[in-house]
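Please take a look at the protein model shown here. This briefing walks through it topic by topic.

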Amino acid sequence: MRILSATEQQLFDLPPKFDSVQRKQFFDFPIALRTLAEDFRNPSSRIGFFVVGGYFKATKCFFAPSDFHQRDVEYIARKLALPEESFVAKNYTKTTRLRHEHLILEFFGFKRFDTSTEKTISLEIANMARAQLKPKLIFWRCVDLLIRNKVQIPGYHRLTELILSALNQHQRELVVLVKDVLTPDMKTLIDSLFVQAETGSDQPTKTTRYKLTLLKNLSQSTRPTKVREKANDLNYLAELYRELTPVLSAMNLNDEGIRYYAGSVIKAKIFQLNQRSDEDRYVHVTAFIAHQYYRLQDNLVDVILSVVQSFQNSAQREHKEQSYEQQRERNQSLSGLLSRLDSDVFDILRQISRFANDDGLNDSEKLNKIRSLLQDRKEDAFTELKTSLESNLNQGDYYGVLEERSLRLQNRVSPIIKVLNFQADASCMALKEAIEHFKSKNGVINQTAPSAFLEAQEDKAILCGDDQKFRPSLYKAFLFMHTATGIKSGGLNFQHSYKYRPLDDYLISKDRWHRDKEILLERAGLTEFTDPQDVLQGLEKKLHEQYQTTNNNAITGKNPHLKFNENGSFRIATPALDEHESESLQQYFPERRNVPLTEVLATVNRHCGFLDDLQHWQQRHTRRSVSQRSLYAGVIGLGCGIGTRKMAQISSHITENELEHAVNWCFSLENIQAANDRIVAAMDQMELPNVYRRLQNQLHTSSDGQKFEVRTDSLNANYSFKYFGKEQGVSAYSFIDERSLLWHSLVFSAAERESAYVIDGLMHNDVVKSDIHSTDTHGYSEVIFAVTHPLGFSYAPRIKNLKKQSLYIFKSSKNKMPADWKITPDKYVSEEIIIENWDDFLRLVTTIKLKEVTASDIFRRLNSYSKQHALYKAMKAFGQIIKSVFILRYLDDLELRQAIEKQLNKVELANKFTRAVAVGNPREFTQGEKEEQEIAESCNRLIKNAVIYWSYLYLEQKLNRLETQEAKDRLLKAMTSHSIATWRHFNFLGEYDFSDEKLQDSVGILPPKIPPNLR
């Protein structure tokens, strides 16, 4: 098995090719090392020593003298004042070279890759093999691990042998385990999945699907019939899972391992699975059962959350409409009452007053007239108005609306509640009791149902009237609403789930943490954060100094953009950056020619080989090769929103089957991300993109989301009238740096906070190392401030209504505050809760830093937890310190504010670029599942990165061909004044053929009997 491509292997095994700047950097040695070389008499030894040292400094590898680059040899010879021809490779003997390597290793504090280190790295490789990581990923992680542990990196073949040995050993272990543990009954159970499902007829037909096939695709629908089908499937999978638990325990696969084997089953056809050996097939199918069991539980939990949220929204909307209608009727009743009072009460009182004051009438006559008036009063009309008014005094029965709508909710949620196995913490034990009662009664409940989980008002509402009649529909509505809240709050969890396990399950286990804490912190580079007291003392000093700086500049007038109102509040202005007049960048690109997208992708692939990362899902034994044409077509079909089927139909030189095979087996999310990373890494190696950097020693990045409709059933989508009207949609969240390198993207529900995904992007890419990262308000939270600080990122969001943000100070600094400060703290830092929960916070950050799980997996659970959760409160309190430092700096630093605005403009331009590329469906996704949506988004990003890389390559060539420095400066000035992310000179729409052949009818439509010109 080949792990790296031939080109990659050659680059790895040969010395690096330095440019002039790199040559100066890596062949610059300290005096101590130069002193060592003074004793070498042989010129070849002296030159060889420094060449070897420079190469090791750059790559942590040693190379054979025959592979030394001549320019490097000549450079060292000149530095040593020796003739350039002094170095002779054969004179630099192996014995001398080994001695020199030992000196270099000792100087840089590295160890040689020997038997001892091989054992250590073999254990790590075995762990990665069990996690079923791709061989290439294992290879590069080994390189990273060796560098981190200060061990010399061996040659390609030695590392490859270790990896292949581990993969083969792991596969053999699994087969043996399955052979030993799998009983005949278990085999029969698995084999039953390869039988065609019953259809009611005596014999299965050619179109009858296999049971295994029926379990592959998970419906995204919330319709009752689909929900019931999924609930039945879960019951079936639960039975299979229980029976195969001994096998799964023996296999001991982690989530990634399960996903890998299950992925092969999902992508393969039945005949392909039957071609495997029995034990190999059993391994794959067992993992598939576990994977689908987890996924289907998550799917059904998503249904509960989606349906209950929709139910509550519609009930609130109906209740509001009822309230408006009742208010209108109440106003009418009040108007009628006032009119009747005026005519029937006040008019009578006026007449009585007139009779009483009439001196012409005696008392008896006055009394008779008054009696006559009172007998004529219209009591029925008053009673009717009173009844109407009393009925409208009730502001609308919200619980009545819930009860009326409950049946629709029950049809969708009841089947799910009956099949899920809930776990509850102490806060949800009463709710779990009610759920178990509901399940035991098969949903048929009465007044004996547990009600301790209900709020007092709800408990009172489920019994109505004087006879205290039980309202089962209302009770079920309450039960389902509390269940959804319990899941979101973390009180209800699921053991067999990817998304809804307890928070602690996503972190490094407590046992492992207490056992290996020092090692884990060292691996994560977090040892300086071990003691919370030291960390807080450092931050207290930094915060106080920033208060001083910001206030001094405000008081002395050095900050003219910061103004204060009479009430003490402030406002900050950020003038736009001065844009100097310069030539348009567009004029430097090809004139009167639109470069085809196919040409762009092929050119970029020739330069960086991104297609090499679109590897077959199965790591070995892949017989059918995939053509480059079909890979290009797949990228365009998904990235431009055309669709793979239509792409095949409108393209020449590829077939629909060929394209379907390529997308099915090669277009995993991991592969598309790796292809993007390859292009990003190639741009990162170029010098030209650095003209866009504000500071050469600091990289500013940003991220932002844009909304897309989803035109199919999708549990990843949410309804939002503001963005989608009556439709549902998602957020596509993109990350970009100053050079317009698009280094990560995600797709998630439009209802989710963007802040939960910021850390994902920052931790994803090993090429783009962000120093400062900006988002808008949607990407901001105090918890993100807390986590980015130990991870080494400076978080700089653009916060809306900044003056409403609270500023914090340490209690011990309150006596150091001068009376003339204009910007003063609002609250004190909660040091106690930070210190109490520091160990758990450090465990969380270490988990993220070591990439054991994605940050969004943790934040999705953490953000939904009760705001009283101790860890959440501690993280928020720590983030308030970092936020306060940032706000004070933001107010004081005009360049920082302008840099943030400029960087956020880049990501907004990238969002426009996304729609320009997606010519097929510029504002919507046609995919329903989250992973499919992210694959399509990543293909779109790959096209954008390819276009940007092509533009850099073209301009670099243009720059090198310009003859005068003045012309070069004009081009560079045009670049710095205009974005490289321009696409006017590219053709995303395809090409049209107006040849006589293509203008002829191809489907057999008969010509008209009378030509149009003769009618």
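The points below go from the whole chain to single residues.

This is a predicted model. The protein chain has 1015 residues, and 49% of them are buried. It holds 39 helices and 17 strands. The average pLDDT is 89.

**Confidence**
- In the protein chain, 94% of the residues score a pLDDT of at least 70.
- Confidence is highest in strand β12, residues 772-774, with a mean of 97.
- Helix α17, residues 379-393, has the lowest confidence, at a mean of 59.

**Overall build**
- Along the principal axes, the C-alpha atoms fill a box of roughly 145 × 90 × 90 Å.
- Take the contacts with a sequence separation of 6 or more: 75% of them come from residues 24 or more positions apart.
- The accessible surface of the chain is about 51500 Å².
- Carbon and sulfur atoms own 48% of that accessible surface.

**Charges**
- The protein chain carries 137 positive and 131 negative charges.
- The mean positions of these two sets are 3 Å apart.

**Cysteines**
- A disulfide is a covalent bond between the sulfur atoms of two cysteines.
- How many disulfides does the count come to? The count is zero.
- C939 shows why a bond is missing there: the closest cysteine sulfur, in C640, is 9.6 Å from the sulfur of C939, too far for a bond. The cut-off for a disulfide is 2.5 Å.
- C939 is buried, with a relative accessible area of 0%.
- C464 has a relative accessible area of 29%, so C464 is partly exposed.

**A936 in helix α38**
- Helix α38 spans residues 930-961, and A936 is found in this helix.
- Is A936 buried or exposed? A936 counts as buried because its relative accessibility is 5%, and the cut-off for buried is under 20%.
- Leaving out residues up to four places away in sequence, A936 touches L638, G639, F925 and Q927.
- N331 is far off along the chain: A936 and N331 are 605 residues apart in sequence. In space, their C-alpha atoms are 55 Å apart.

**L123 in helix α7**
- L123 sits in helix α7, which covers residues 115-130.
- L123 is exposed, because its relative accessible area is 60% and exposed means over 50%.
- L123 and A166 are 43 residues apart in sequence. From C-alpha to C-alpha, L123 and A166 are 8.9 Å apart.

**Two lysines with positive phi**
- K60 is a residue other than glycine, and its phi is positive, near 65 degrees.
- Where does K60 lie? K60 lies in the loop between α4 (43-59) and α5 (70-79).
- K60 has a relative accessibility of 19%, so K60 counts as buried.
- K150 is not a glycine either, yet K150 has a positive phi of about 55 degrees.
- The loop between α8 (135-148) and α9 (156-181) holds K150.
- K150 is partly exposed, with a relative accessible area of 40%.

Terms used:
Residues numbered from 1 in each chain as written. Predicted model: local features only at pLDDT ≥ 70, side-chain atom pairs only at ≥ 80, totals over all residues. Heavy atoms only, no water. pLDDT = per-residue confidence, 0-100. Helix = DSSP H or I, 4+ residues; strand = E, 2+ residues; numbered from the N terminus. Buried < 20%, exposed > 50% of the residue type's maximum accessible area, 1.4 Å probe, protein only. Contact = heavy atoms within 4.5 Å. Areas by Shrake-Rupley, 256 points an atom, 1.4 Å probe, with all protein chains shown as cover. Lys, Arg positive; Asp, Glu negative; His and termini not counted. Charge placed at Lys NZ, Arg CZ, Asp CG, Glu CD.
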